[in-house]
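Biologist: I have a chain open on my screen and would like to learn how to read its features. Could you take me through them one at a time?

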Amino acid sequence: MLNVTVDEIQRDPSKYLRRVEAGETIVIVQADKAIAELRPINRNKPLRPFGLCAGEFTVPDDFDAPLPEDLLSAFEGK
């Protein structure tokens with residue numbers, strides 16, 4: 001992990017982006033305090049399978065029915 005100041009990043013951002021693209025993580029510091037982390041995106045993350053929670057819950061028939069007036073009033077602060 002490489003620590004780089006904001007000024008260093010501003011001077012040559014492409015230099016640091018190439019390093020991140022190569023797999024390196026860069027911590028951006030300002031006044032000796034870490035303020036951000038620049039790291040590569042994990043593109044090898046497997047997709048979640050479709051229907052992962054199938055059968056674990058049932059959507060009620062009235063799921064999209066309007067809410068009762070007293071509940072709506074409570075949400076709206078009335």
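Modeller: Happily; we will go from the overall layout to single residues. Please keep in mind throughout that this is a predicted model.

Biologist: Let's start with the layout. How many helices and strands are there in the chain, and what pattern does the chain follow along the sequence?

Modeller: The chain holds three helices and three strands. Reading along the sequence gives the pattern β-α-α-β-β-α. The radius of gyration is 24 Å, well over the 12 Å from the globule rule for 78 residues, so the chain is more spread out than a compact globule.

Biologist: What does the C-alpha trace span along its principal axes?

Modeller: The spans are about 60 × 40 × 20 Å. Pairs of residues help to put distances on that picture. Pro-60 and Asp-12 are 48 residues apart along the chain, and their C-alpha atoms are separated by 56 Å. For Asp-64 and Asn-44, 20 residues apart along the chain, the C-alpha separation is 37 Å.

Biologist: Where do Pro-60 and Asp-64 lie, and how exposed are they?

Modeller: Both belong to the loop between β3 and α3, with α3 covering 69-75. Pro-60 is partly exposed, at a relative accessible area of 47%. Asp-64 counts as exposed, at 68% relative accessibility.

Biologist: Now the whole chain. What share of the residues is buried, and what makes up the surface?

Modeller: Buried residues are 10% of the 78 in the chain. The accessible surface comes to about 7,300 Å², and carbon and sulfur atoms account for 54% of that. For contacts, take the pairs at least 6 apart in sequence: 24% of these join residues at least 24 apart. As for charge, the chain has 10 positive and 14 negative charges, and the mean positions of the two sets are 14 Å apart.

Biologist: How should I look for a core, and which residues form the largest nonpolar one here?

Modeller: The general idea is that in soluble globular proteins, nonpolar side chains tend to be buried together. In this chain the largest nonpolar core has six residues: Val-4, Ile-9, Tyr-16, Val-20, Ile-26 and Ile-28. Helix α2 (13-21) and strand β2 (26-30) each supply at least two residues of this core.

Biologist: Could we look at one core residue closely? Is Ile-26 buried or exposed, and what does Ile-26 touch?

Modeller: Ile-26 sits in strand β2 and counts as buried, at 0% relative accessibility. Beyond residues up to four places away in sequence, Ile-26 touches Leu-2, Val-4, Tyr-16, Arg-19, Val-20, Ala-36, Glu-37 and Leu-38. Val-4, Tyr-16 and Val-20 from that list are core members too. By contrast, Arg-48 is 22 residues along the chain from Ile-26, with 29 Å between their C-alpha atoms.

Biologist: And which residues does Ile-28 touch?

Modeller: With the same neighbours in sequence left aside, Ile-28 touches Val-4, Thr-5, Val-6, Ile-9, Lys-33, Ala-34, Ile-35 and Ala-36. Let's turn to Ala-34 from that list. Ala-34 lies in strand β3 and counts as exposed, at 52% relative accessibility, where the cut-off for exposed is over 50%. Outside its neighbours within four places in sequence, Ala-34 is in contact with Val-27, Ile-28 and Val-29. Ala-34 and Thr-5 are 29 residues apart in sequence and 9.1 Å apart in space, C-alpha to C-alpha.

Biologist: One last topic, the backbone angles. What should I expect of phi, and what is phi at Ala-31 and Asp-32?

Modeller: Most residues other than glycine have a negative phi. Ala-31 has a positive phi of about 55° although it is not a glycine. Asp-32 also has a positive phi, near 60°.

Biologist: Where are Ala-31 and Asp-32 placed, and are they buried or exposed?

Modeller: Ala-31 lies in the loop between β2 and β3, with β3 running over 33-38. Asp-32 is in the loop between β2 and β3 as well. Ala-31 is exposed, with a relative accessible area of 74%, and Asp-32 counts as exposed at 84% relative accessibility.

Notes: Residues numbered from 1 in each chain as written. Predicted model: local features only at pLDDT ≥ 70, side-chain atom pairs only at ≥ 80, totals over all residues. Heavy atoms only, no water. Helix = DSSP H or I, 4+ residues; strand = E, 2+ residues; numbered from the N terminus. Rg over C-alpha atoms; globule rule 2.2 N^0.38 Å. Buried < 20%, exposed > 50% of the residue type's maximum accessible area, 1.4 Å probe, protein only. Contact = heavy atoms within 4.5 Å. Areas by Shrake-Rupley, 256 points an atom, 1.4 Å probe, with all protein chains shown as cover. Lys, Arg positive; Asp, Glu negative; His and termini not counted. Charge placed at Lys NZ, Arg CZ, Asp CG, Glu CD. Core = buried A, V, L, I, M, F, W, Y, C linked by side-chain atoms within 4.5 Å.
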